[in-house]
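Got your viewer open? Here is a short tour, with something to select at each stop.

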Amino acid sequence: MRVMVTGATGFLGTHLLAQLADADVAVTACVRSTEAARMLQARGIAPVLAALDDEAALRGALREPTDCVFHVAADTSPWRGHAQRQTRTNVEGTRALLAAAADCGVRRFVHVSSVSAYGQQRAVVNEQSPRLGANSWINYERTKAIAEALVEEAGARGAIETMILNPAHILGPGDTRNWARLILLVDQDKLPGAPPGSGAFADVREVARALVTAWRMPVHGERYLLGGAHASFLELVQRISRILERKPPQRAMPAALLRTYAQILDLASMVSRREPQLTPQAVAFTCHHLRVDSAKAMRELGYRITPIDELLGDTVAWLREQGLLHN
């Protein structure tokens, strides 16, 4: 049995490849660079160079009989200067991949979306919550919601079997560019403070397992929210500080201060054409209080929520093994 994975060299994609290897599944990985292709070849994975919005190249990547496409790749940039690139990747890439998969007779399409497709809501988010992301001012939320709609349309017209999974904030071993940056900043005593929001932190290993389980489900057309341990960002930073034996902050930074600072940096970035360290979109995420109901995934996929101290401990241990921490 063969599957194709996009985003295979990313944080979640790497864990998904490990799950598929354990299951002895042959994998074709769609990549955009020769460096990524060489890295995958060294692991015994067949790489195919193809841009996500290049439908002809994607058909070539699917020339061998393929049971499932795991669409993990996404552009997560929180900067408006990358909006066109992000739309091309998240929306047009999903559109092209769906068309290529359907034309090549792929049976199932497992789509990794995000809770961001639901927009920023005050209530606990579950599968029945309104998806407000399509009307969001944040391009990432908007593009993830539009991509989801494309997947649902393809499934509804019978072009391909579809499953959609919506992870929350993903954390765990192997992370260096996402939430693990908080750990690195705390370790370096460079974190200016904790933002005032809160989030649901999903274990990357559990998200990868859920993807494989969803592929093998006898039903299709389902959607699963993959939340995690809930914590304020202040609490998260305090826990990290204790693990690293650093002095923790005692209070969160004011949201108004963060928003003002981000607006100034954003305006400057339009002149410099460089992505700023902080954007209004990023501030909106970190000032928001995200709460996610994972009951359906826990019941039907065997999804597990890892306690936050265990998840942080495993992540810190991995960063130490890589020599990325001073302490």
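At what angle do helix 1 and helix 7 pack, and how far apart are their axes? Select residues 11-22 for helix 1 and residues 204-216 for helix 7: they pack at an angle of about 55 degrees, with their axes 9 Å apart. That angle makes helix 1 oblique to helix 7 (under 35 degrees is roughly parallel, over 145 roughly antiparallel, 65 to 115 roughly perpendicular, and the rest oblique). Axes here are lines fitted to C-alpha atoms, for helices over the stretch in contact, with angles from 0 to 180 degrees between N-to-C directions. Helices (H or I, at least four residues) and strands (E, at least two) are DSSP runs numbered from the N terminus.

Before moving on, a word about the model. It is predicted, so local features need pLDDT of at least 70 and side-chain atom pairs count only at pLDDT 80 or more, while totals for chains, interfaces and linings use all residues. Residues are numbered from 1 along each chain as its sequence is written, and side-chain values use heavy atoms, leaving out hydrogens and water.

**Next stop: helix 8**

Select residues 233-244. Helix 8 has twelve residues and reaches 16 Å from its first C-alpha to its last, close to the 16 Å expected at 1.5 Å a residue (the expected span is 1.5 Å times one less than the number of residues). Nine of those twelve residues are buried, so helix 8 is largely enclosed by the rest of the structure. Buried means under 20% relative accessible area, exposed over 50%, and partly exposed in between (1.4 Å probe, protein chains only). Try showing side chains for some of the buried ones, including F233, L236 and I240. Their packing partners include strand 10 (229-232) and helix 12 (308-321). Just after helix 8, click on E245: its phi is positive, near 60 degrees.

**Then helix 10**

Go to residues 280-287. Seven of the eight residues of helix 10 are buried, so this helix is also largely enclosed by the rest of the structure. Among the buried ones are P280, V283 and C287. What covers them includes helix 8 and helix 9 (255-272).

**Last stop: helix 6 and helix 12**

Which way does helix 6 cross helix 12, left-handed or right-handed? The crossing is right-handed, meaning that the near helix is turned clockwise from the far one by less than a right angle (anticlockwise would be left-handed). Now show A180, I183 and L184 of helix 6 with L312, T315, V316 and L319 of helix 12, which make the contact (heavy atoms within 4.5 Å).
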